[in-house]
Amino acid sequence: MQAVGRAYRSGDVRAIYLIHGSFVGADALGLFREVARVSSAAAEPLRRLQKQLLDALAKDAGNYTPEFAREFEAAISIDRKPTIPVRLFNWSSENNHIGRADGAVRLIAALKGDVAAKAGRILIWGHSHG
């Protein structure tokens, strides 16, 4: 896999984003978005908890887990030094236009703010609607 890491590096890849598919995100039914209208402080911990639960249950079925991201980053490291950060991008995973559009806008904001990738390319791996 070091060869893959070298190929990415020679292609000037500076960051890799993994984007899960539908129904394994932090708010597939849009319930926590409604909770956030009343209390954003209450909605965010619920989103994190739901995503952790789905990661534990779904594993890699339509999904990228934190473990997968860590293993991928380690596998493409060169001489055991991480060279390209592998980031998880979580979106609501709502199976509708609003959910996908919101995810797209938040992804653009994340990519725009990615300091590691400013001078190079970003590789995006999407699963299903990701």
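**Pocket lining and nonpolar cores in a predicted model**

Author: In this predicted model, helix 3 (40-58) and helix 5 (97-112) each contribute at least two residues to the lining of the largest pocket.

Reader: Which element supplies the largest share of the lining of the largest pocket, and how many residues is that?

Author: Helix 3 does, with 5 residues. The pocket itself has a volume of about 320 Å³, and among its 16 lining residues those closest to the centre are Ala26, Arg47, Trp91, Ser92 and Arg106.

Reader: What makes a residue of the lining count as nonpolar, polar or charged, and how many fall in each class?

Author: Asp, Glu, Lys and Arg count as charged, and 9 lining residues belong to that class, beside 4 polar and 3 nonpolar ones. Arg47 and Arg106, two of the residues closest to the centre, are therefore charged by this rule.

Reader: Why is the set with Tyr8, Val13 and Ile16 called a nonpolar core?

Author: A nonpolar core requires buried residues of the listed nonpolar types joined through side-chain atoms within 4.5 Å, and buried means under 20% relative accessible area. The largest such core has 10 residues, and besides those three it includes Leu18, Tyr64, Ala69, Phe72, Ile76, Ile84 and Val86, so each of these is buried by that cut-off. Strand 1 (13-19) and helix 4 (66-75) each give two or more residues to this core, and strand 1 gives the most, with 3.

Reader: Which residues is Ile16 in contact with, leaving aside its neighbours within four places in sequence?

Author: Ile16 is in contact with Tyr8, Phe72, Ile76, Ile84, Pro85, Val86, Arg87 and Leu123. A second, separate core of 7 residues includes Tyr17, Ile19, Trp91 and Ala117.

Terms used. Residues numbered from 1 in each chain as written. Predicted model: local features only at pLDDT ≥ 70, side-chain atom pairs only at ≥ 80, totals over all residues. Heavy atoms only, no water. 1 Å grid on protein atoms, 1.4 Å probe; cavity = no way out; pocket = protein on both sides within 12 Å on 5 of 7 lines; lining within 4 Å. Points joined across faces, edges and corners; volume = space filled by probe spheres on them. Helix = DSSP H or I, 4+ residues; strand = E, 2+ residues; numbered from the N terminus. Buried < 20%, exposed > 50% of the residue type's maximum accessible area, 1.4 Å probe, protein only. Contact = heavy atoms within 4.5 Å.
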